[in-house]
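Reader: I am new to reading protein structures, and I would like to learn how the words used for them are justified. Could you take me through this one with care?

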Amino acid sequence: MTTIPGYELLPSPAELADEHPVPARLVDQIREHRSEITDVLNGSDGRVLAVVGPCSVHDPVAVIDYAERLAKSAEPLKDHLLVVLRAYLEKPRTAVGWKGLLHDPWLDGSEDIAGGLRVGRRFLIMAAESGLPLAGEFVEPMLAPYLSDLLSYGAIGARTVASQSHRELASQLPMPIGIKNGLDGDLSVATAAIHCARTAQRHPAVSEHGALVVRSSPGNPTAHLILRGTSAGTNYDPETVDAAIEGLRATKSLDRVVVDASHGNSRKDHRRQPGVIADIAGRIACGERGIAGVMMESFLEEGRQDHPAPYGVSITDACLDLSSTMSVLESLADSVRMGRSVVLG
Ligand SMILES: O=C[C@H](O)[C@H](O)COP(=O)(O)O
Ligand SMILES: C=C(OP(=O)(O)O)C(=O)O
């Protein structure tokens, strides 16, 4: 094999999957999780989706610890909430910064992406053993085939919602895809992205054997909107949710939304997340059906610190601690139960 200066050859997605195969029982579990999440999103399952976990995975051991504790504590809520673990291995940056475990697994700026793919895949297999469905954001479309078989929920973020290649990727992915509103809050961009993701596309992609191919994607009917707030403020108020749903209906898209309590909706202050969820929970208790789920940034300990941070503390966005997260989820589960009795009369 010829080595070209400045290039480093990566294993193909198939080679990496051979090195770190998904055990058969997890393949079945992931298939079931994707279908359960789809049912919750379209309302045929009356539970509410709760995508919770750290802003980013920088210490796989701490996140597995978090996942095991979350899975155990959330078990009693399972009739009302479908809890999904944020297992985010890539971070989109506003300017420059650490791009996540996949890009820089040793957190030393060496950007060993081959190492990151291996560590990331091993981490996702171990996290799936917690029994929780896993969520991730797809930042670099070329890296998606390395890990997408392990995720049950995907996100396209605020910084890439207008990107054609991300919309094409969403049209091919085999799991429900949440598409965030952009930083400026213009919902028409996210609505257009959802419409594109629902539509069949022919587009360039990387095959499982690492070849550059033209792929025919069927379109993803599970693409839906995540309201994450804007650079200027929040966007989970009833009027914005109703306007968003109207826009989604106009393009015959999935007409229920997920509200991200973090980011613009908490104005980047993690302590505001419980208030956002309490507001949503109150509306759900009164019979609101347009909100299919919530997202929260949560880790073992609250807040954030630059690397090296203490065990269980985020090194990217500030998080709510696990015990406060559980209180929030317990109240949300109560509201879902109450809302169901309102809807059923
Ligand atoms: O969710 C995490 C961050 O908000 C996102 O990656 C952007 O981070 P940055 O603005 O610190 O670059
Ligand atoms: C980067 C994220 O969100 P957003 O795209 O909304 O900023 C995230 O959820 O990690």
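Author: We can begin with burial: a residue is buried if 20 or more other C-beta atoms lie within 10 Å of its own, exposed if 12 or fewer, and partly exposed in between, the C-beta atoms being placed from the backbone. Please keep in mind that this is a predicted model, in which local features need pLDDT of at least 70 and side-chain atom pairs count only at pLDDT 80 or more, whereas totals for chains, interfaces and linings use all residues. Residues are numbered from 1 along each chain as its sequence is written, while chains are lettered from A and ligands numbered from 1 in the order in which they are written.

Reader: Why does L225 count as buried, or as exposed, under that rule?

Author: L225 has 28 C-beta neighbours inside 10 Å, and therefore it counts as buried. L225 is found in strand β8, residues 224–227, where strands (E, at least two residues) and helices (H or I, at least four) are DSSP runs numbered from the N terminus.

Reader: What is L225 in contact with, leaving aside its neighbours within four places in sequence?

Author: Two residues are in contact if their C-beta atoms, placed from the backbone, lie within 7 Å. With those neighbours left aside, L225 is in contact with I179, N181, A190, I194, A244, L248 and V257.

Reader: Why is R267 called partly exposed, and why is K268 given its own class?

Author: R267 is partly exposed because it has 14 C-beta neighbours inside 10 Å, whereas K268 has 12 other C-beta atoms within 10 Å and is therefore exposed. R267 lies in the loop between β9 (257–260) and α9 (273–285), and K268 is also found in the loop between β9 and α9.

Reader: What is notable about phi in R267 and in K268?

Author: Most residues other than glycine have a negative phi, and most peptide bonds are trans. Phi of R267, however, is positive and near 45°, and K268, which is not a glycine, has a positive phi of about 60°. As for the peptide bonds, a cis one, with omega about 0°, joins H307 and P308, and P308 is found in the loop between β10 (291–299) and β11 (320–321).

Reader: How do you know that α7 and α8 pack, and at what angle?

Author: Two packed helices are described by the angle between their axes and the distance between the axes. Helix α7 (residues 187–198) and helix α8 (residues 238–250) pack at about 35°, with axes 10 Å apart; the axes are lines fitted to C-alpha atoms over the stretch in contact, and angles run from 0 to 180 degrees between N-to-C directions. The contact is made by L187, S188, T191 and I194 of α7, together with A244, G247 and L248 of α8.

Reader: What makes a residue part of the shell around ligand 1, and which residues are there?

Author: A residue is near a molecule if its C-beta atom, placed from the backbone, lies within 6 Å of it. Around ligand 1 the residues are C55, K91, P92, R93, T94, G97, H263, T316 and D317.

Reader: Which residues surround ligand 2?

Author: Ligand 2 is surrounded by C55, Y88, P92, E137, G157, A158, R159, K180, R228 and H263.
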